[in-house]
Amino acid sequence: ARSAIALGIDLGTSGVRAAALATDGSPLGMAAFPFPDAAAARSPAVWRRGVEACLAELSSHLSFDSVEGIAVDGTSGTVLAVDAAGAPVGDVLMYNDPCPDSAVVERIAQRAPPDNPARGSTSALARAIHISRQPGVKAVLHQADWILMQLGLAERASDENNALKTGYDLTAETWPDWLEACGMDIALLPAVRRAGAPLSVTGAAGRALGLPFGCRYHAGTTDGCASFLATGASAVGDGVTALGSTLVVKVASARPIDAADYGIYSHRILDFWLAGGASNSGGAVIRHFFDGARLKAMTPLLRPDEPTGLFYYPLLKPGERFPTNDPAYSPLLEPRPADDLVFFQALLEGMTAIEKSGYDRLADLGGPPVRSVRTVGGGAANPAWTRMREKALGVPFLPSRSAEAAVGTASLVLAGKARWP
Ligand code: ADP
């Protein structure tokens, strides 16, 4: 069997996935465990079963004997409380669950620094505070932290990426005192390490799962950061555009960009900062007008070199956050031409303009000019759109190494080994 050298585990929104990389960083194999339903997605026991199933599947056709490291990414802001033995106490609060106690959100609004990512109604910190108040709670962990412990890590450790929305201070590299004023007992939070940093070597639980003696755990990351890393983007100025239901642009920057008004905050990864913004436009608008079969049929008929002259701003309802922050921002989808093909092309042109101004906005706010673009999501498969975007952005478009977050997390293990030998 071929030998894996690094493993990455991805706890995503729809299931668990695992990736194995070879010495040169190329993907060797993938395994997947889809969550059967929404209840499973919020069950730590199912997460664990998924991780075990994925590792068993990978090790059935790959040798784990040479595995040097493993890391985990999880959905950003999913938290759980555990007892002294590490067993979950009460329910998990997922990344998109509002905090059930609005007074906690209110207190964070009063005490947190102005641009802090822990603010807001879906604040991870608010969820962490809420679940920490149950009897018997000895620690509050992020999803990825808990999985690392299930893999045998003996200490409670997190990474800066997962910790960001829980209020971690990236400058002081500590949990800040204002968390206590918000009601968070800092003693319950895990120690935080840089994403990718090596931790201790495999314990008995890890060896029981097939990890070899001496294999090292590494601090992981969030699913969003992992998806960026999966593409192969890593140098300052490397951009990644996600053309899924939403339109998201991200860029690797030499310095952090923080602009809460635009929904922008920055993650530190290795020696760069990852900053990005999400528009309310995106594939969901296209999907509102055309089903998959129509899109497929129309795509080869597009004329990317003959602009429609319609300057649309495709939104399903008023309101935009990035690249323009205006809760009342108006959609512009008129006049609607008789020919659906022209209408479709105009939607794509509108989104292309949003992507371009997104990268320009990140640069205006202190980021680098984008110097290459990799594309992920359903829209990446539209060659005519790619042609429009290449012309508008004027930088090289590069192929994505992988669309799998687990591959990004496994590559973080290799990068972490090189960065902290
Ligand atoms: P999600 O963000 O939901 O995971 P995907 O990455 O699967 O989304 O992408 C789905 C989106 O891709 C849909 O909203 C659809 O509008 C868009 N899409 C699919 N095919 C095309 C196409 N040929 N041209 C442009 N957009 C497309």
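This report walks through a sheet, two nonpolar cores and one buried threonine in a predicted model.

Let us start with the sheet. Its five strands follow the order 17-18-16-15-19, and the sheet is open, with mixed pairing. Strands 17 and 19 each have a single partner strand and stand at the edges, so one side of each is left without a neighbour in the sheet. From one strand to the next, the twist averages 20°. Strands 17 and 18 run antiparallel and are joined by four bridges; Arg268 stands opposite Trp273 of strand 18.

Here are the residue ranges of some strands in this sheet:

| Strand | Residues |
|---|---|
| Strand 15 | 238-243 |
| Strand 17 | 266-269 |
| Strand 18 | 272-279 |
| Strand 19 | 372-376 |

Now to the nonpolar cores. The largest has 42 residues, and Leu7, Ile9, Trp47 and Leu151 have the most contacts inside it. Helix 2 (residues 44-61) is the top contributor to this core, giving six residues. Beyond its neighbours within four places in sequence, Leu7 touches residues including Ala19, Leu55, Phe64, Leu211 and Val413. A second core, separate from this one, holds 38 residues, among them Leu310, Tyr312, Phe322 and Leu348.

Finally, have a look at Thr231, in the loop between helix 9 (223-230) and strand 15. With a relative accessible area of 1%, Thr231 counts as buried, because the cut-off for that is under 20%. A polar atom of the Thr231 side chain lies 3.1 Å from the backbone nitrogen of Ala233. Leaving aside neighbours within four places in sequence, the contacts of Thr231 include Val240, Arg374, Val376 and Pro399.

Terms used:
Residues numbered from 1 in each chain as written. Predicted model: local features only at pLDDT ≥ 70, side-chain atom pairs only at ≥ 80, totals over all residues. Heavy atoms only, no water. Pairing = 2+ DSSP bridges. Helix = DSSP H or I, 4+ residues; strand = E, 2+ residues; numbered from the N terminus. Axes fitted to C-alpha atoms, helices over the stretch in contact; angles between N-to-C directions. Core = buried A, V, L, I, M, F, W, Y, C linked by side-chain atoms within 4.5 Å. Buried < 20%, exposed > 50% of the residue type's maximum accessible area, 1.4 Å probe, protein only. Contact = heavy atoms within 4.5 Å. Polar contact = N/O pair within 3.5 Å; in protein donor to acceptor, adjacent residues only side chain to side chain.
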